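I opened this notebook to keep track of what I looked up, one topic at a time. Each entry keeps to what I could read from the structure.

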Amino acid sequence: MAIPTGLSAQLGVAEESIYGTAETPNRFYEFVSESIVLEIERLESQGLRAGQRILRSDRWAAGSKTVSGSIDMELHTTGMGLWLAHMFGGVTSEQTGSLAYTHTFVPDDLPDGLTIQIGRPSNDGTVNPFTYNGCLISEWEIAAEVGSIGTLSVSIVGVDEDTDMALAEAVYGDSELLTFVNASLEIEEAEIDVTSASISGNNGLNTDRRRLGSQLIKRPLQNALREYTGSIEAYFDSLTAYKRFVNGEEGKLTLSFVGGEIESGSDYSLTITANVRFDGETPQVGGPEELRQPLPFKVVESPEGDAIEVVYVTTDITP
């Protein structure tokens, strides 16, 4: 019998060859928490019937289904490429050593959906499979903070839920953690001291494409510009960063996580590079403590076409 608590929970994922057609999960991830839910609208009659005081059981029906929620994970040296591919859409891969592979991710059309299966333990020791098909990543965030492991949070929109598909056997690959200890942030190739940094993406998806004859959504399409924003909490070392905001200057921002050595000349790493606009704020005195410099930013495409890319160096042959 499995431990009847979240200690027995599992997360399995598979890429779909046809959007919305569930596949058996074949990749498994450690995760911190999840909040994926199925909601079913209730349609209730507004018709009047003489003397009727309470809604009749034949005067309501099931309406639209909605699958949504988020998954929170820690950053690892292997396995993250699948999520990055479905966050951005575009990916190129090359072998850069005898064991090292470099995968570069840029904004492009999103791949066909994911099947996501979550094993949720009940009190009787059964790990119950909740399988969600047609899952796309609508939003995401990568974050780093002093004293913490790097994190990835993805927001999911899916088609439907199935509790009859068998629970896949969880098999985990080898990996190490990417933490704040070997993380760094640069602006215009100059490293700055920060206590936290995060970058978020919104894929601009229309997640409510409904039609007559079905409870389910059609595949979400991008109907708004993608937005990439973030925030930095830095030490107030000088006016340099503040003047970038005041003067409306754009700059190259690089957030890097470095892991252990793969082989001579190659380390595990995840590096985000973006052309950004800084949107404030003014540093303020709140007491005797050392001043900090908040630096919210937004990714914008430069005249040269640079916007944002993520480079993931790992031993995974494919994302």
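The entries below go from the overall build to the inside, and then to the surface and the salt bridges.

**Entry 1, overall build.** I noted before anything else that this is a predicted model. I then looked up the secondary structure and found two helices and 22 strands. The C-alpha trace spans about 75 × 50 × 45 Å along its principal axes, and of the 319 residues of the protein, 41% count as buried.

**Entry 2, helix α1.** Are the residues of α1 buried or exposed? I went through G81, L82, W83, L84, A85, H86, M87 and F88, and each of these is buried. Since eight of the eight residues of this helix, residues 81–88, are buried, α1 is largely enclosed by the rest of the structure. I also checked the backbone just after α1, where G89 takes a positive phi of about 105°.

**Entry 3, helix α2.** I turned next to T240, which has its place in helix α2, residues 240–246. With a relative accessibility of 47%, T240 counts as partly exposed, because that value falls between the 20% and 50% cut-offs. I looked up its distance from S45 as well: the two residues are 195 residues apart along the chain, and their C-alpha atoms are separated by 63 Å.

**Entry 4, the cavity.** How many cavities of 30 Å³ or more does the structure hold? I found one, and about 40 Å³ of space lies in this largest cavity. I listed its lining as L185, A197, S198, I199, L253, L255, I272 and F297. By kind, the lining residues divide into seven nonpolar, one polar and no charged. Which strands supply at least two residues of this lining each? They are β14 (194–202) and β18 (250–263), and the largest share, three residues, comes from β14.

**Entry 5, a nonpolar patch.** On the surface I noted a nonpolar patch of about 320 Å², made by I54, L55 and W60. I followed up L55, which lies in the loop between β4 (37–44) and β5 (60–74), and which is partly exposed with a relative accessible area of 40%.

**Entry 6, salt bridges.** A search of the whole structure finds nine salt bridges, and I looked into several of them.

The side chains of D58 and R56 meet in a salt bridge of 2.8 Å, N to O. I recorded D58 as partly exposed at 42% relative accessible area, and R56 likewise as partly exposed at 27%.

I then looked at R219, which forms a salt bridge with D112, with the closest N and O atoms 3.8 Å apart. Why does this pair tie together parts that are 107 residues apart in sequence? R219 lies in the loop between β15 (205–206) and β16 (221–222), while D112 lies in the loop between β7 (101–107) and β8 (114–121), so the pair links those parts. R219 is partly exposed with a relative accessible area of 23%, and D112 counts as partly exposed at 36%.

I also noted that D279 forms a salt bridge with R277, the closest N and O atoms being 2.8 Å apart. D279 counts as partly exposed at 34% relative accessibility, and R277 counts as partly exposed at 33%. As a last check I asked which residues are joined into one network by salt bridges that share partners, and I found R56, D58 and R59.

Conventions: Residues numbered from 1 in each chain as written. Predicted model: local features only at pLDDT ≥ 70, side-chain atom pairs only at ≥ 80, totals over all residues. Heavy atoms only, no water. 1 Å grid on protein atoms, 1.4 Å probe; cavity = no way out; pocket = protein on both sides within 12 Å on 5 of 7 lines; lining within 4 Å. Points joined across faces, edges and corners; volume = space filled by probe spheres on them. Helix = DSSP H or I, 4+ residues; strand = E, 2+ residues; numbered from the N terminus. Nonpolar A, V, L, I, M, F, W, Y, C, P; charged D, E, K, R; others polar. Buried < 20%, exposed > 50% of the residue type's maximum accessible area, 1.4 Å probe, protein only. Patch = residues over 30% accessible without salt bridge, like charges linked within 9 Å, V, L, I, M, F, W, Y side chains within 5 Å. Areas by Shrake-Rupley, 256 points an atom, 1.4 Å probe, with all protein chains shown as cover. Salt bridge = Lys/Arg side-chain N within 4 Å of Asp/Glu carboxyl O.
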